[in-house]
Amino acid sequence: AHNEGERTSSRARGRPSRGVAAQIDEEIVEAARDLFLSLGYERTSMAMITRAAGISKTTLYSRYATKTDLFIASVNFTVDSISTQILSRPEAESLDLKTGLKGFGRSAIYNSLDPLWSNYERLAYSEGVRFPELAVAIAERVDAGIDMVRDFIVACVDREGGSVTDPHRIAAAFVLALRGF
């Protein structure tokens, strides 16, 4: 008998194909995310995640050595699934500075309102004192956004023939202002 919410699998034993491996990873991080967000980081165990994902401990630990690794993977998976960052698209190369930053700002605000992201932030704030790695995982995603904006600013300035003295500081101020800091 399986617990409610537990995934079941009829996959063959042995090394899975790339497609099946990607599906397994997705199931693992989704199960972990659901447990982290419902129970909290501290109360979620790797054993609970294996049961919820319907996988073996060997499968889990071969992909994620620690609960922290799995938390980081679940944050990245979630952000990647909700993110529609205009600056990461190939057509960003043709955007002017104002249009690109405006699009990034809209996207960032929209994403910050997504319950998955806001719940991760709440979890990092509530348990971050005992588990600073949670706040680090969230900060790394914010830093990636700052780097994206910085690179876009530099590319626009280069294209338009201008100059900028501290694009990182400008990008950080922009992103942090969007986040309300």
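Mentor: Let's start with a word we'll need: a helix is a DSSP run of H or I that is at least four residues long, and helices get their numbers from the N terminus. Keep in mind that this is a predicted model. Arginine 33, for instance, sits in helix 1, which covers residues 18-39.

Trainee: What makes up the secondary structure of the chain?

Mentor: There are 8 helices and 0 strands. Read from the N terminus, the order is α-α-α-α-α-α-α-α.

Trainee: Back to arginine 33, then. Why is arginine 33 called buried?

Mentor: Buried means under 20% relative accessible area. Arginine 33 has 12%, so it counts as buried.

Trainee: Which residues is arginine 33 in contact with, leaving aside neighbours within four places in sequence?

Mentor: Those are Ser74, Phe77, Thr78, Leu116 and Tyr120.

Trainee: Valine 29 is in helix 1 too. Is valine 29 buried or exposed, and how do you know?

Mentor: Use that cut-off of 20% again. Valine 29 comes in at 4%, so it is buried. Not counting residues up to four places away in sequence, valine 29 touches Tyr64, Leu70, Ala73, Ser74 and Phe77.

Trainee: How far is valine 29 from leucine 70, by C-alpha atoms?

Mentor: Their C-alpha atoms are separated by 6.9 Å, though the two residues are 41 apart along the chain.

Trainee: How much of the chain is buried?

Mentor: Buried residues make up 38% of the 181 residues. The accessible surface is about 10600 Å², and 53% of that belongs to carbon and sulfur atoms. As for contacts between residues at least 6 apart in sequence, 66% of them join residues at least 24 apart.

Trainee: Now helix 7 and helix 8. Why are helix 7 and helix 8 called oblique to each other?

Mentor: Helix 7 (residues 132-160) and helix 8 (residues 167-179) pack at an angle of about 130°, with their axes 8 Å apart. Roughly perpendicular runs from 65 to 115 degrees, and roughly antiparallel needs over 145. The angle fits neither range, nor the under 35 of roughly parallel, so the pair is oblique.

Trainee: Which hand does that crossing have, and which residues meet there?

Mentor: Helix 7 passes helix 8 in a right-handed crossing. Residues of helix 7 including Val142, Ile146, Asp147, Arg150 and Ile153 meet residues of helix 8, among them Pro167, His168, Phe174 and Arg179. By class, this contact has 12 nonpolar, 2 polar and 3 charged residues.

Trainee: What makes Asp147 and Arg150 count as charged?

Mentor: Asp, Glu, Lys and Arg are the charged class, so Asp147 and Arg150 belong there.

Trainee: And helix 5 with helix 8: at what angle do they pack?

Mentor: About 35°, with axes 10 Å apart. The crossing of helix 5 and helix 8 is right-handed. Leu101, Phe104, Gly105, Ala108 and Ile109 of helix 5 make the contact with Phe174, Val175 and Leu178 of helix 8. The class count is 7 nonpolar, 1 polar and no charged residues.

Trainee: Phe104 shows up there. How do you know whether phenylalanine 104 is buried or exposed?

Mentor: Its relative accessibility is 3%, and buried means under 20%, so phenylalanine 104 counts as buried. Phenylalanine 104 lies in helix 5 (residues 97-112). Its C-alpha atom is 9.2 Å from that of glycine 145, and the two residues are 41 apart along the chain.

Definitions and conventions: Residues numbered from 1 in each chain as written. Predicted model: local features only at pLDDT ≥ 70, side-chain atom pairs only at ≥ 80, totals over all residues. Heavy atoms only, no water. Axes fitted to C-alpha atoms, helices over the stretch in contact; angles between N-to-C directions. Helix = DSSP H or I, 4+ residues; strand = E, 2+ residues; numbered from the N terminus. Left-handed = near helix turned anticlockwise from the far one by under 90°. Contact = heavy atoms within 4.5 Å. Buried < 20%, exposed > 50% of the residue type's maximum accessible area, 1.4 Å probe, protein only. Areas by Shrake-Rupley, 256 points an atom, 1.4 Å probe, with all protein chains shown as cover.
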